[in-house]
Amino acid sequence: QITEALLKERDKQAKWNGIPLLLQKLYEQSHPNSDFSQCQSILKEISPLLSMEAMAFVTEDRKAAQESTFPNTYTFDLFGGVDLLVEILMRPTLITQKKKQKISDDLIKDCLSILYNTCICTEGVTRRLAERNDFVLFLFTLMTNKKTFLQTATLIEDILGVKKEMIQLDDIPNLSSLVSSFDQQQLANFCRILAVTISELDTGSDDKHTLLAKNAQQKKNLGPSRAEINQATLLSIPGFIERLCKLATRKVSETTGTSSFLQELEEWYTWLDNALVLDALMRVANEEAEQSSTESSDESGLANTSTRTQLPQSMKIMHEIMYKLEVLYVLCVLLMGRQRNQVHKMIAEFKLIPGLNNLFDKLIWRKHSASALVLHGHNQNCDCSPDITLKIQFLRLLQSFSDHHENKYLLLNSQELNELSAISHKANIPEVDAVVNTDRSLVCDGKRGLLTRLLQVMKKEPAESSFRFWQARAVESFLRGTTSYADQMFLLKRGLLEHILYCIVDSECKSRDVLQSYFDLLGELMKFNIDAFKRFNKYINTDEKFQTFLNQINSSLVDSNMLVRCITLSLDRFENQSDAKVAEVLSECRLLSYMSQMSMRMSFLFRLINIIHVQTLTQENVSCLNTSLVILMLARRKEKLPFYLRTLQQMEYTEKYPGFILNNFHSLLRFWQQHYLNKDKDSTCLENSSCISFTYWKETVSILLSPDRTSPCAIVSYIDEAYMDIDRDFSEE
């Protein structure tokens with residue numbers, strides 16, 4: 001509506017670079033009946049003005065960039081450029097006549113490119129586009145076109161990243177045929193987009209994740225969440241999981257020819273988001289080119305030409321790593337979702353595990369080459385290099401794959417499975433059903449299975465490596481569930497116990513996360529296993545070493561309480577056995593002797609109750625509550641419950657705070673009832689890990705919470721009236 005004259009006059013002063021005039025022209029050329037033929041040349045004039053800015057934004061330090069302004073993209077948006085491009089792109093969907101308007105691929109590319117650049121530089125544009133649901137769903141339909149696929153995918157990824165509401169995959173027109181039209185390369189890129197649609201939106205800061213808040217949230221959300229619905233939608237696409245497994249396990253040599261890859265790199269080059277990755281790839285390419293030309297100087301003419309036309313191997317590897325990352329992430333989320341069993345069955349059938357096993361040395365845990373890919377200003381070990389992210393993603397996949405599922409035995413090869421059977425026979429115990437039922441045609445092949453390969457790299461990992469946490473978690477999830485003697489022995493024979501103790505005691509590991517994962521793993525490895533305690537005593541053979549070990553346990557009970565629980569449970573079982581070998585270990589083992597002292601158990605109990613409160617309970621520290629319950633359940637079995645409660649009361653008096661532990665414990669147990677007696681709660685975990693029936697858990701909690709002040713087993717009997725503080729209700733604040 002502004003006159004051309006006015007726009008011209010203001011243009012110089014306002015430094016608009018002629019953008020409003022170009023937009024006016026574009027508006028006139030894109031009227032409903034136009035054939036858009038002129039539009040392209042106008043966009044060609046606008047495009048460089050914006051891409052320069054976007055380039056600056058990506059390459060400059062982002063912070064500095066945000067302080068500076070981006071006049072061209074801002075002007076473009078201010079004068080309605082963004083809305084106009086959306087309208088041009090969506091025009092064909094509005095026309096109902098027979099002759100559908102066809103927009104050329106190049107025009108679509110230019111529109112997407114300009115939109116993307118504006119999104120990068122101008123605050124709020126991405127959010128505004130995200131609010132237009134029709135446009136977001138329309139973008140998915142553009143993905144069927146190979147030529148505009150990358151531009152579309154990158155823009156969608158950006159928009160979904162800021163969208164407040166998760167989109168529903170169901171709403172995408174013809175999703176199944178869209179996915180089946182993708183080649184493997186496109187499918188991998190599509191996985192990047194899917195990641196946002198199937199992961200539960202994190203509610204932010206940690207305090208939101210208290211169990212109180214979670215339970216309150218669950219009461220509100222009665223149906224499945226959007227992410228869960230989206231997961232189900234994906235699983236219903238024929239052949240989807242099979243294709244992901246193929247992508248995840250294909251070898252680098254099987255990837256498509258060079259030409260399409262080069263062409264894709266060029267496209268990325270116009271596409272800014274991965275300028276960083278591209279720079280890094282180009283650097284590797286040049287290094288390899290120089291290397292090969294110096295190596296064969298006598299045929300230097302030949303060497304140069306071959307390097308030009310062939311893609312350097314490390315570039316292919318990098319490309320493959322980036323694909324596998326996305327695919328493993330999606331598989332991992334699906335493995336943890338509601339349809340877990342269905343996904344498990346498919347993943348086993350399509351041989352994901354043996355496939356990953358074959359890639360382990362060459363790709364997943366390959367040695368860093370001298371020119372290992374490092375992105376700007378990062379060192380090799382920082383968590384954002386693709387190499388590192390792939391390793392972590394791979395370990396997370398193993399963890400969710402073997403956690404409480406009998407398919408975990410697919411991580412072994414046939415000989416290793418035979419070894420498990422042999423261990424059971426030798427110890428005169430029945431074989432685990434899952435081992436017997438494992439389909440041998442689906443297990444790992446080769447000299448070693450995935451689990452043993454993982455143990456090998458775990459032992460070689462440098463002390464301060466961030467992988468240790470994930471490695472320990474993955475091995476621990478293999479042991480989780482009902483304790484299996486054969487599984488423990490299989491790992492003990494391979495020196496795992498000594499390795500863990502070395503890390504905890506000799507290298508005096510300081511990282512809280514790593515320590516916690518090692519304590520948890522040690523607990524699973526030693527539980528009820530007399531041989532493990534014997535080995536422990538052989539390794540921790542001086543008082544000094546034992547003291548270091550205790551210091552590590554006591555430095556944070558939240559991290560070590562699962563190990564404390566395991567020792568307590570094991571001690572209880574060993575004391576009830578009349579076996580000479582067990583008796584010998586009981587008398588010699590420092591750890592068991594230490595835990596058999598009543599004062600030590602009381603000290604642990606007192607501290608475990610003292611470090612948690614209903615308001616601060618989270619998924620991570622609720623185990624302290626369960627460990628304190630285990631100590632008291634074992635006491636109840638021996639009819640010592642009143643003695644334990646009286647001792648807690650005396651400890652309170654010594655601390656000059658009568659009632660502070662027992663009132664807190666009373667509230668914690670009431671919360672426990674609310675939390676675990678919920679119909680959705682799975683109590684089998686508590687049963688399996690403790691070998692105490694859930695009924696006994698429930699009874700013990702009821703007895704402790706009895707309101708009868710004359711009952712010797714009720715907490716209230718040990719709190720003086722004056723200090724009673726148990727009737728308050730939990731608030732969700």
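This is a short tour of a predicted model, with a suggestion at each stop for what to select next.

**The whole chain**

Start with everything shown as a cartoon. You will see helices throughout: the protein has 40 of them and zero strands. Now switch to a surface. About 34,500 Å² is exposed, and carbon and sulfur atoms supply 51% of that area. Of the 733 residues, 54% count as buried. If you display contacts between residues at least 6 apart in sequence, 77% of them join residues at least 24 apart.

**Helix α12**

Next, select residues 184-198, which make up helix α12. From first C-alpha to last, the 15 residues of α12 reach 20 Å, close to the 21 Å expected at 1.5 Å a residue. Look along the helix for a bend: α12 turns by about 35° at R192.

Is α12 largely enclosed or open? Bring back the rest of the structure to see. Since 12 of its 15 residues are buried, α12 is largely enclosed by what surrounds it. Among those buried residues are Q185, Q186, N189 and T197, along with L187, F190, C191 and I193.

**Aromatic rings around F190**

Keep F190 selected and add the side chains of F140, F149 and F182. Together these four residues form one aromatic cluster. The structure as a whole holds 18 aromatic pairs. Within the cluster, look at F140 and F190: their ring centres are 6.4 Å apart and their planes stand at 90°, so this pair is edge-to-face. The two partners come from distant parts of the chain, with F140 in helix α9 (residues 133-142) and F190 in α12, 50 residues apart. Both F140 and F190 are buried.

**A second edge-to-face pair**

Move on to F533 and F574. Here the rings are 5.5 Å apart centre to centre, with 90° between the planes, and the pair is edge-to-face. This pair also links distant parts of the chain: F533 sits in helix α30 (residues 530-539) and F574 in helix α32 (residues 557-575), 41 residues apart. Both F533 and F574 are buried.

**Charges over rings**

Now show the side chains of Y539 and K545. The charged end of K545 sits over the ring of Y539, 4.5 Å from the ring centre.

Then jump to R637 and Y696. What sits over the ring of Y696? It is the charged end of R637, 5.8 Å from the centre of that ring.

**Two lysines with positive phi**

For the last stops, turn to the backbone. Select K351, in the loop between α20 (340-349) and α21 (352-364). Its phi is positive, about 55°, although K351 is not a glycine. With 39% relative accessibility, K351 counts as partly exposed.

Finish at K656, which you will find in the loop between α37 (641-654) and α38 (660-676). K656 also has a positive phi, near 65°, in a residue other than glycine. Is K656 buried or exposed? At 68% relative accessibility, K656 counts as exposed.

Definitions and conventions
Residues numbered from 1 in each chain as written. Predicted model: local features only at pLDDT ≥ 70, side-chain atom pairs only at ≥ 80, totals over all residues. Heavy atoms only, no water. Phe/Tyr/Trp six-rings, centres within 6.5 Å; stacked < 30°, edge-to-face > 60°. Helix = DSSP H or I, 4+ residues; strand = E, 2+ residues; numbered from the N terminus. Buried < 20%, exposed > 50% of the residue type's maximum accessible area, 1.4 Å probe, protein only. Lys NZ or Arg CZ within 6 Å of the ring centre and 35° of its normal. Contact = heavy atoms within 4.5 Å. Areas by Shrake-Rupley, 256 points an atom, 1.4 Å probe, with all protein chains shown as cover. Expected span 1.5 Å × (residues − 1). Bend = angle between axes of the 7 residues up to and from the residue.
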